[in-house]
Amino acid sequence: MTFTPVQPPAVPASPDPSSSPTGPETSPPVISSSGRPSGARSFAALAAAALLGGGAALGGAWATGALDEPTTTVVTRTVEAPTSAAAAEAGAVSIQEIYRRNAPAVVQITSKLDGGQSGSGFGGQAALGSGFVIDDEGHIVTNFHVVDGADSIEVSFSNQDTLSAEVVGVDPSTDLAVLKVDASAVALTPVTLGDSDDVTVGDPVVAIGNPFGLERTVTAGIVSALQRNVTAPNGITIDHVIQTDAPINSGNSGGPLFDATGDVIGVNSQIQTAGGSGNVGIGFAVPANTVSSVVAQILEKGQVDRAFLGVSGREIDQELARTFDLPVDSGLLVETVSPGSGAAKAGLRGGDEPVVVAGISYTVGGDVIVAAAGKPVATIGELRDVLAELEPGDTVELRIYHGNDEKTVTVTLGRQPDSPTG
């Protein structure tokens, strides 16, 4: 089974919407925050491939590749709307009603190039993706990889109007971008953002997008898993990702994933393929609460700032603790400390002895982190969640083991760099 970033479909310089037109883990992840607030809200109230064109891997040692041109007719799959009493009480509506309400908010995005190829791996003069309107001021959310490197961007609405769009801001670390078009409020139909923390496995979902340039296609399925981690175009890990079996393909990039009430719970961004190309029923959506945080910062400041600790390491289990005679059997073994980072200035120590055990490489001899901000941390994800609540310049107390000595250190957090290696 191959996990494959899906490249936006390349189109001619004058695209015909009806035409059918990867890297292994090399080092431990650098721990930083990925921000995720909670609470349902509308984007209008904000204060302020995988479908990866760049070919970023999904983490681990999974291979990646591009999606070949389709050679068969694309057939969408539909499922019955939820009929349980619980779903009805929660305000669930039919797939047809979700489409009727929200399809006007879903747009087709054409990223054009003056010539050659962009950082997104565009193979021609343009690439197609999806997006959706979030407020009556003309702001649109899509994937970063859909617009990365584009010289100009056009947005097509369901009434066939096509408008030029400008980039308000991007966040490669979550593969999100915010665009803006000059359109009157009465011509726009914004979506409502839901609370992705309320999503559970088995919930019915609906995706609307433009797979292979086929405008405003609807597919449906369920949430097949939660708390997935995938890799953004710049190599940073995106946490708490929603997995779905709703069919999404090249061109769905940046489109919305709706729950049974018609609220957006995620942005469709990546898929898994079976050693080649095409959807095999596993897609990944950046959760709505992450989207909310990122969009709010972009609208307020034009960029996203995340706290950065500056260490990379391994999660400790009992076998690892026993093999290397560690002082605890859970926590994070620090393997490297980024020079000049808050962790380095606070005196955290990385490993200095490379070893190989059962074919796996480790760097031992460094500190062990067991708690951050008073919360136990046994996984990298738990530490990232702590940092997600903080900002650059904030301080955080870490409880660590320096050899066999337990101590508490205070770290002043920096700003997350553009890549895991800084």
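This briefing walks through the helices, strands and cores of one protein chain. The model is predicted. The chain holds seven helices and 23 strands. Buried residues account for 52% of its 422 residues. About 17200 Å² of the chain is exposed, and carbon and sulfur atoms supply 47% of that area.

**The barrel**

- Six strands form a closed barrel, in the order S9-S10-S11-S14-S13-S12. The pairing in this barrel is antiparallel.
- Neighbouring strands of this sheet are turned against each other by 50 degrees on average, with direction ignored.
- Strands of a sheet pair through backbone hydrogen bonds, and the pairing is either parallel or antiparallel.
- Strand S10 covers residues 217-231, and strand S11 covers residues 237-244. Five bridges link S10 and S11 in the antiparallel sense.
- One bridge can be picked out by its residues: Val-223 has Thr-244, in S11, as its partner.
- Helix H2 (residues 95-102) lies across strand S9 (204-209), S10 and strand S12 (256-258). H2 runs at about 40 degrees to S9.

**Helix H4**

- Helix H4 spans residues 288-301, which makes 14 residues. From first C-alpha to last, H4 reaches 20 Å, close to the 20 Å expected at 1.5 Å a residue.
- H4 lies across two barrel strands, S13 and S14. The helix runs at about 45 degrees to S14.
- Eleven of the 14 residues of H4 are buried, so the helix is largely enclosed by the rest of the structure.
- The buried residues of H4 include Ala-288, Asn-289, Thr-290 and Val-291. Gln-297 and Ile-298 are also among them.
- Several strands help to cover these buried residues, including S5 (139-142), S7 (162-171) and S8 (176-181). Strands S13 (264-271) and S14 (283-287) also belong to the cover.
- Just after H4 comes Gly-302, with a positive phi of about 80 degrees.

**A residue to look at: Ile-265**

- Ile-265 sits in strand S13. Its relative accessible area is 2%. Buried means under 20%, so Ile-265 counts as buried.
- Which residues does Ile-265 contact, leaving aside neighbours within four places in sequence? Among them are Ser-196, Val-199, Val-205, Ile-242 and Leu-257. Val-286, Pro-287 and Ala-288 are in contact with Ile-265 too.
- Ala-288 is also one of the buried residues of H4.
- Thr-290 is 25 residues from Ile-265 along the chain. The C-alpha atoms of the two are separated by 9.9 Å.

**Nonpolar cores**

- The largest nonpolar core has 46 residues. The residues with the most contacts inside this core are Ile-109, Ile-140, Val-155, Phe-157, Leu-179 and Val-206.
- Val-206 touches Ile-95, Ile-98, Val-218, Thr-219, Ala-220, Pro-256, Leu-257 and Phe-258, not counting residues up to four places away in sequence.
- Another core lies apart from the largest one. This other core has 21 residues, among them Ala-307, Val-334, Val-337 and Ala-343.

**A hairpin**

- Strand S17 (residues 353-357) and strand S18 (residues 360-364) run antiparallel. Five bridges join them.
- Val-356 stands opposite Ser-361, which belongs to S18.
- How many residues lie between S17 and S18 in the hairpin? There are two. Ala-358 is in the turn and has a positive phi of about 55 degrees.

Notes. Residues are numbered from 1 along each chain as its sequence is written. This is a predicted model: local features need pLDDT of at least 70, side-chain atom pairs count only at pLDDT 80 or more; totals for chains, interfaces and linings use all residues. Side-chain values use heavy atoms; hydrogens and water are left out. Two strands pair if DSSP finds at least two bridges between them. Helices (H or I, at least four residues) and strands (E, at least two) are DSSP runs, numbered from the N terminus. The expected span of a helix is 1.5 Å times one less than its number of residues. Buried means under 20% relative accessible area, exposed over 50%, partly exposed in between (1.4 Å probe, protein chains only). Contact means heavy atoms within 4.5 Å. Accessible areas come from the Shrake-Rupley method with a 1.4 Å probe; for residues, only the protein chains shown count as cover. A nonpolar core is a set of buried Ala, Val, Leu, Ile, Met, Phe, Trp, Tyr and Cys residues joined through side-chain atoms within 4.5 Å. Axes are lines fitted to C-alpha atoms, for helices over the stretch in contact, and angles run from 0 to 180 degrees between N-to-C directions.
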